[in-house]
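Biologist: Please take me through how the helices pack here.

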Amino acid sequence: MKEYRTVAQIAGPLVFVEKTEPVGYSELVNIVTADGTVKRGQVLDTSDEIVVVQVFETTAGIGRDSGIRFTGETIKMPVGKDMLGRILSGGGKPIDGGPDIVPEKRLEITGAAINPYARSSPEDFIQTGISTIDGTNTLVRGQKLPIFSHRVCPTTTWRSRSPARQRCPARPKSSPWSSLRWASPGKRPTTSWPTSRRPALSSARSCS
Amino acid sequence: MEKGKENRTQGVLKRISGPVVTAVGLDAHMYDVVKVGNEELMGEVIKIQGENIIIQVYEDTAGIRPGEPVGNTGLSLAVELGPGLLTSIYDGIQRPLEVLVDKMGNFIERGVSAPGLSHEKKWEFVPTVKKGDEVKAGDIIGTVQETNIVHKVMVPPKAKGGKIKEISGGSFTVDETVCVLEDGTEIAMLQRWPVRVPRPVTEKLNPDIPLITGQRILDGLFPIAKGGTAAIPGPFGSGKTVTQQQLAKWSDAEIVVYIGCGERGNEMTEVLTEFPELEDPKTGKPLMERTVLIANTSNMPVAAREASVYTGITIAEYFRDMGYDVSLMADSTSRWAEAMREISSRLEEMPGEEGYPAYLAARLSEFYERAGRVISLNGEGGSVSVIGAVSPPGGDFSEPVTQNTLRIVKVFWALDAKLSQRRHFPAINWLNSYSLYLDALNEWYDKEVSPEWNPLRAWAMGVLQKEAELQEIVQLVGSDALPDEEQVTIEVARMIREIFLQQNAYDAVDTFCPMSKQYDMMKAIKHFADLAHTAQAGGATPQQVIAIKSKNELPQIKFIRDYEPELEKIMKDMEAEFDAMRTV
Ligand SMILES: Nc1ncnc2c1ncn2[C@@H]1O[C@H](COP(=O)(O)OP(=O)(O)OP(=O)(O)O)[C@@H](O)[C@H]1O
Ligand SMILES: [Mg+2]
């Protein structure tokens with residue numbers, strides 16, 4: 001792979017590289033700094049004059065002497081059944097000390113849009129075991145779900161707890177719940193939770 | 001395509017910046033459709049700057065490199081119009097999504113083209129003119145039974161017309177010639193029309209017939225006219241989509257075009273699964289048979305979202321030209337405006353308010369201006385009504401898309417988060433909303449509903465406004481401080497809100513309320529108010545009036561299809577209760 005040392009400008013998270021061969025839009029880029037660290041980025045704009053790379057981490061250490069390698073590929077990730085039970089970094093690399101993932105497939109991380117014609121209505125109720133969700137703000141399989149929060153609301157505990165407990169009960173023929181929504185965020189109250197008192201489960205809605 | 005020889009129809013890519021790419025070495029005109037890169041992605045010329053031809057691409061451009069080829073088709077972005085549109089679901093550039101599933105499975109990949117109409121399917125064409133007849137542009141020459149809707153085959157709007165040399169009925173594909181004119185012109189059922197150009201009409205008429213929607217607060221208080229424009233702005237989860245879908249289901253248009261623009265895929269699925277099962281209250285036929293869907297969901301390419309709105313309105317105009325009343329819903333025009341903003345920022349244009357391009361207002365008004373009640377070229381009367389949802393960030397109506405939309409549309413249905421949180425549905429705020437068609441529609445309501453209707457509506461609005469004023473006093477000094485008369489006004493206002501305004505979209509009966517029932521319901525509430533007034537004049541206390549039991553039965557007539565006997569009984573009981581009060 002060719003390495004360019006033609007950095008023209010660095011501004012914020014952006015690195016401008018000139019005099020390259022044709023580079024693809026959205027390509028994954030490796031940036032090698034003087035001390036050998038490799039940082040990753042992605043092509044934001046490409047032309048025969050200049051290529052703009054957005055760096056995913058800090059640009060600290062990147063300079064005009066850094067080497068730029070265009071991988072010729074958009075961002076893909078190895079996936080496979082092996083991944084279950086593993087701990088991965090944000091870039092998809094194992095960080096649990098275990099072996100590399102043996103990929104069954106390499107998929108674009110941006111994914112492809114589902115053809116609306118090929119969708120079916122989400123109607124299978126997911127039981128989380130958290131009464132305020134199951135009772136009044138039911139989760140449905142295939143639904144997207146934001147959890148809105150204040151700084152001190154315990155969302156991490158919640159998020160990790162609900163997949164651990166969730167179950168799909170026997171599928172009702174047509175679920176009366178499918179039209180309900182988890183959260184309809186209105187104006188959020190500006191006061192924050194008193195830190196001394198952990199909010200009771202039933203006040204979860206005001207977190208939402 | 002029939003341009004000079006020196007025409008350069010092939011160029012190369014110079015720059016790729018998301019959905020916007022630049023090509024050089026190419027001759028092009030604004031809005032020409034081009035094929036971009038080795039994969040021949042579809043794009044459209046949106047700016048010309050010297051040698052640089054700037055193109056928006058309707059598919060994902062990841063991996064495309066400078067130096068790849070660009071070819072100009074010389075055609076502008078157009079839709080295919082003819083039998084086969086109804087019941088279809090299209091993406092923003094009229095690729096049938098059903099066909100795309102067959103071609104590439106459940107996910108949308110790129111570089112696949114598919115025509116808007118089937119070119120194989122045969123339709124039974126029945127001529128309505130004969131050899132020797134003179135026809136001109138726009139004239140209807142025959143019909144096809146497309147679904148339960150009769151598709152009228154027209155001479156294309158830009159054709160010269162002339163005397164018919166040959167015309168015959170039979171089974172034809174959309175490409176086959178069904179009619180030949182003396183000068184040799186061949187007419188097929190298929191027309192193409194560039195989406196960014198409004199189809200011509202003979203005359204625009206004043207909209208003076210309401211689009212009846214079966215939604216009480218809309219028909220009753222803030223009606224939209226056939227050929228009119230309306231906006232539904234509202235914060236998250238306040239009911240924009242439910243209202244749009246209610247209109248798509250129940251409005252008394254003959255054709256419905258529903259554009260899901262940058263919103264959820266599941267909502268399109270809902271329409272696809274529900275509509276074939278629901279019946280048009282007028283014809284008894286499945287609602288799907290009168291519907292065309294356009295879906296560019298939030299994860300589909302953004303440039304195609306920009307186009308989807310034009311694709312939709314062009315299809316709507318085509319059916320209007322046949323003499324149909326068409327209604328078009330766009331959910332949400334904010335996502336459309338955001339698509340414009342994204343393209344504009346890639347073009348490095350000078351941003352206007354909140355980053356939207358300076359031409360935002362112009363684009364919005366061009367779009368809404370294509371609504372209207374018209375006499376088409378063939379003399380038929382038809383209309384396109386346009387209803388746009390607006391999703392202002394944070395529910396703040398002062399942002400540019402809402403503001404610019406309100407400057408153009410004549411009906412404003414303001415959704416209100418406070419009402420939806422109280423589960424008052426539809427959460428349309430009766431104090432902020434308005435319809436500028438009221439005066440033009442008065443006569444219709446007079447004639448078709450009852451001469452009593454317009455005074456009834458004015459009375460109801462008066463009570464609701466009075467209630468708002470009184471609420472302020474109540475909050476300061478409590479309701480006991482109100483004069484007797486006004487304590488009853490508060491009760492009557494509550495009845496108007498809970499009986500008339502609240503309407504459950506999910507109840508099989510209440511989801512659609514015919515105008516005659518709306519009238520009966522409002523009349524019943526007014527009757528209570530009148531009886532109460534008389535009773536108070538005769539010395540009854542507000543507590544006595546409010547304690548009338550029979551009025552509590554009124555809300556349930558919403559859920560009864562043949563409600564008349566029940567309503568009759570309630571009103572008899574009510575009168576008896578008031579009579580009893582007098583004799584005590
Ligand atoms: N007329 C109605 N009758 C009964 N329920 C309603 C009605 N309108 C809205 N709702 C309720 O409000 C919910 C949210 O409505 P909807 O999805 O239309 O909101 P929206 O404004 O489109 O939200 P978003 O901005 O997230 O797209 C619905 O799922 C439904 O439960
Ligand atoms: Mg919505």
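**Helix packing in chain B**

Modeller: α11(B) and α13(B) are oblique to each other (neither under 35 degrees, roughly parallel, nor over 145, roughly antiparallel, nor 65 to 115, roughly perpendicular). This is a predicted model, in which local features need pLDDT of at least 70 and side-chain atom pairs 80 or more, whereas totals for chains, interfaces and linings use all residues. Residues are numbered from 1 along each chain, chains are lettered from A and ligands numbered from 1 as written, and side-chain values use heavy atoms without hydrogens or water.

Biologist: At what angle do α11(B) and α13(B) pack?

Modeller: The angle is about 60°, and the axes are 10 Å apart (lines fitted to C-alpha atoms over the stretch in contact; angles from 0 to 180 degrees between N-to-C directions). Contact (heavy atoms within 4.5 Å) involves W453(B), L456(B), W459(B) and A460(B) of α11(B), with M515(B) and Y519(B) among the residues of α13(B).

Biologist: And how far apart are the axes of α11(B) and α12(B)?

Modeller: Those axes lie 9 Å apart, at an angle of about 120°. That makes α11(B) oblique to α12(B) as well. The contact includes W459(B), L464(B) and L470(B) of α11(B), and I490(B), I496(B) and F500(B) of α12(B).

Biologist: Changing topic, how many residues of α8(B) are buried?

Modeller: In α8(B), residues 400–408, 7 of the 9 are buried, so this helix is largely enclosed by the rest of the structure (buried is under 20% relative accessible area, 1.4 Å probe, protein chains only).

Biologist: What do the buried residues of α8(B) pack against?

Modeller: They pack against β19, α6, α7, β24, β25 and β26 of chain B (DSSP runs numbered from the N terminus: helices H or I, at least four residues; strands E, at least two).

Technical notes. Buried < 20%, exposed > 50% of the residue type's maximum accessible area, 1.4 Å probe, protein only.
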